[in-house]
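Reader: I'd like to go through this one with you and ask where the labels come from. Can you show me the structure to start with?

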Amino acid sequence: MKLRLRNHESRETLRIQLPSPCSFLQLQETLSLSLPPPHPPPSSLRFYLNDNDLLLPPSPHSSLHSLGVVAGDLLYFSSNPTAFSAVSVTQMDDRNQVPDNNNNQETQMQELPQFEEPMSQDPEFSAETMDIDASALSERLSEPYFLRKVLGEELGDSGCIHKLLAISVHAVLLESGFVGIDPISGLRTDRFHWPDEFPSPVSFHYSLPELLRSNLTDYVALKFQTLGHFFQVYGSLFKGSSLYKLSLDETRFAPTLNLVWENCDKNVAMDDKKDGSFVSYPESEVFEFWKIVKDGLALPLLIDLCDKTGLALPVCLIRLPAELKVKILESLPGADIARMECVCSEMRYLASNNDLWKQKFKEEFGCTSGTVAMGNWKKMFISCWESRKKRNRAITR
């Protein structure tokens, strides 16, 4: 199996071939030998999903498949134990391959036991796993945390709305695997250079790390311009492809993005919504912005560029558009939706939708008449689940 491994410090990406199946220890040993001398000890290498979620196997001999890693995935790595100041933990149990997320002591969430579904093939299922307390989640959701990191590095003291929106779009492309380039020299540019005055339109260029090793003839061009209170973003391949266009409402997204930037160095806690969703206003708007840019611009350009250059696209659930992920969640029973919440922060966000849990409540417990019209449907689902479990236990006795 092939994996892409990106150095957290230098952002250089390596493509390595691994045996299939492959253990976590084999991954560490292979990467250690692939790095320039002096080779770091294999045991010192740490791996992260989405540059934020630490992979922590129960054993060095655990398979990568049991950790949810598949061919083509992008993993971040570092041998510096303090490289990541705040990370969530993705840990798999080889016995049942159900993820268990633990955070640092300050924001440690309760240990999630296995689900127990009455009269089902999974006798260890329990409702506690569904009852995830928002205040005890990871210190940062991956997308808002990554955005804050990029804004803190690139925006400086300038609060210009256009620069703020452009750098936020830039952050989505970086998270999707792109790197900024200078099309004249063909070299990578590590900083986002926005002009002091905005001579609309402004263009920026991106490519993939794998393409920088050869002659740079295919890359992505983005053009930014304004139209009233809309920030227009156009993207296409330099040598021709479909043109993708976004119209971002400055009045909708600029206040949220500005709030994210202003709190780059602060510890901002998330608040529960009254409807049961755990994501507060800034984070929910960040996720909506991220979904619009990634589904409407970053992923289509990534597909076009890979198709044009012959690169293989990673086969991964997380690469799917958000709408398809939601459709997948809607097709699952409530127990499996709760499991999906443990996969990563984006799935936790999508699976926290109150309307989704209302739909699951109606499907599994019948008509919703007589229940509260507006409330935390997930908690009501858990309550009915526990009651049904107790009844079924009493019957089996």
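Author: Here it is, and keep in mind that this is a predicted model. A good place to begin is the largest nonpolar core, which has 45 residues. Val169, Phe178, Leu222, Phe224, Phe289 and Leu297 are the ones with the most contacts inside that core.

Reader: Which elements give two or more residues to this core?

Author: The list runs helix H2 (142-154), H3, E10, E11, E12, E13, H4 and helix H5 (281-309). H5 gives the most, with 11 residues. There is also a second, separate core of 20 residues, and that one includes Ile16, Leu55, Leu75 and Phe77.

Reader: What does Phe178 touch?

Author: Not counting residues up to four places away in sequence, Phe178 touches Leu173, Tyr206, Ser207, Leu208, Val220, Ala298, Leu301, Leu302 and Leu305.

Reader: Let's turn to the sheet. What makes strand E8 and strand E10 a pair?

Author: Pairing takes at least two bridges between the strands. E8 (residues 179-182) and E10 (residues 202-207) are joined by 2 bridges, so they meet that cut-off. They run antiparallel. As for an individual bridge, Gly180 has Tyr206 in E10 as its partner.

Reader: Why are E9 and E13 called edge strands?

Author: Strand E9 (187-188) and strand E13 (244-249) each pair on one side only. The order of the 6 strands in this open sheet is E9-E8-E10-E11-E12-E13, with antiparallel pairing.

Reader: Which helices lie across these strands?

Author: H3 lies across E8, E10, strand E11 (220-227), strand E12 (230-237) and E13, and runs at about 155 degrees to E11. Helix H4 (residues 250-262) lies across E11, E12 and E13, at about 75 degrees to E13.

Reader: How do you know that the span of H3 agrees with its number of residues?

Author: Take 1.5 Å a residue: the 15 residues of H3 should span 21 Å, and the end C-alpha atoms are 21 Å apart, so the two agree.

Reader: And why is H3 called mostly covered?

Author: Of its 15 residues, 12 are buried. Among them are Lys163, Ser168, His170 and Glu175, along with Leu164, Leu165 and Ile167. Just after H3, Gly177 takes a positive phi of about 110 degrees.

Reader: Why is His170 called buried?

Author: The cut-off for buried is under 20% relative accessible area. His170 has 5%, so the label fits. Leaving aside neighbours within four places in sequence, His170 is in contact with Val150, Glu154, Phe192 and Tyr206.

Reader: On to charges. What makes Glu285 and Arg252 a salt bridge?

Author: The rule asks for a side-chain nitrogen of Lys or Arg within 4 Å of a carboxyl oxygen of Asp or Glu. For Glu285 and Arg252 the N to O distance is 3.3 Å, so the pair qualifies. Glu285 is in helix H5 and Arg252 in helix H4, 33 residues apart, and the pair links distant parts of the chain. Glu285 counts as buried at 14% relative accessibility, whereas Arg252 is partly exposed with 35%.

Reader: How do you know that Lys291 and Glu323 tie together separate stretches of sequence?

Author: Lys291 lies in helix H5 and Glu323 in helix H6 (residues 322-330), so the salt bridge joins parts that are 32 residues apart in sequence. Their closest N and O atoms are 3.2 Å apart. Lys291 has a relative accessible area of 24% and Glu323 has 43%. Partly exposed runs between 20% and 50%, so both get that label.

Reader: Why are Lys360 and Glu363 said to be about one helical turn apart?

Author: They are 3 residues apart in helix H9 (residues 354-365), which means a separation of about one helical turn. An α-helix has 3.6 residues a turn, so residues three or four places apart point the same way. The side chains of Lys360 and Glu363 meet in a salt bridge at 2.7 Å, N to O. Lys360 counts as buried, at 1% relative accessibility.

Reader: How many salt bridges does this rule give?

Author: The count comes to 13. Salt bridges also link Arg4, Arg15 and Glu210 in a network.

Notes:
Residues numbered from 1 in each chain as written. Predicted model: local features only at pLDDT ≥ 70, side-chain atom pairs only at ≥ 80, totals over all residues. Heavy atoms only, no water. Buried < 20%, exposed > 50% of the residue type's maximum accessible area, 1.4 Å probe, protein only. Contact = heavy atoms within 4.5 Å. Helix = DSSP H or I, 4+ residues; strand = E, 2+ residues; numbered from the N terminus. Axes fitted to C-alpha atoms, helices over the stretch in contact; angles between N-to-C directions. Core = buried A, V, L, I, M, F, W, Y, C linked by side-chain atoms within 4.5 Å. Expected span 1.5 Å × (residues − 1).
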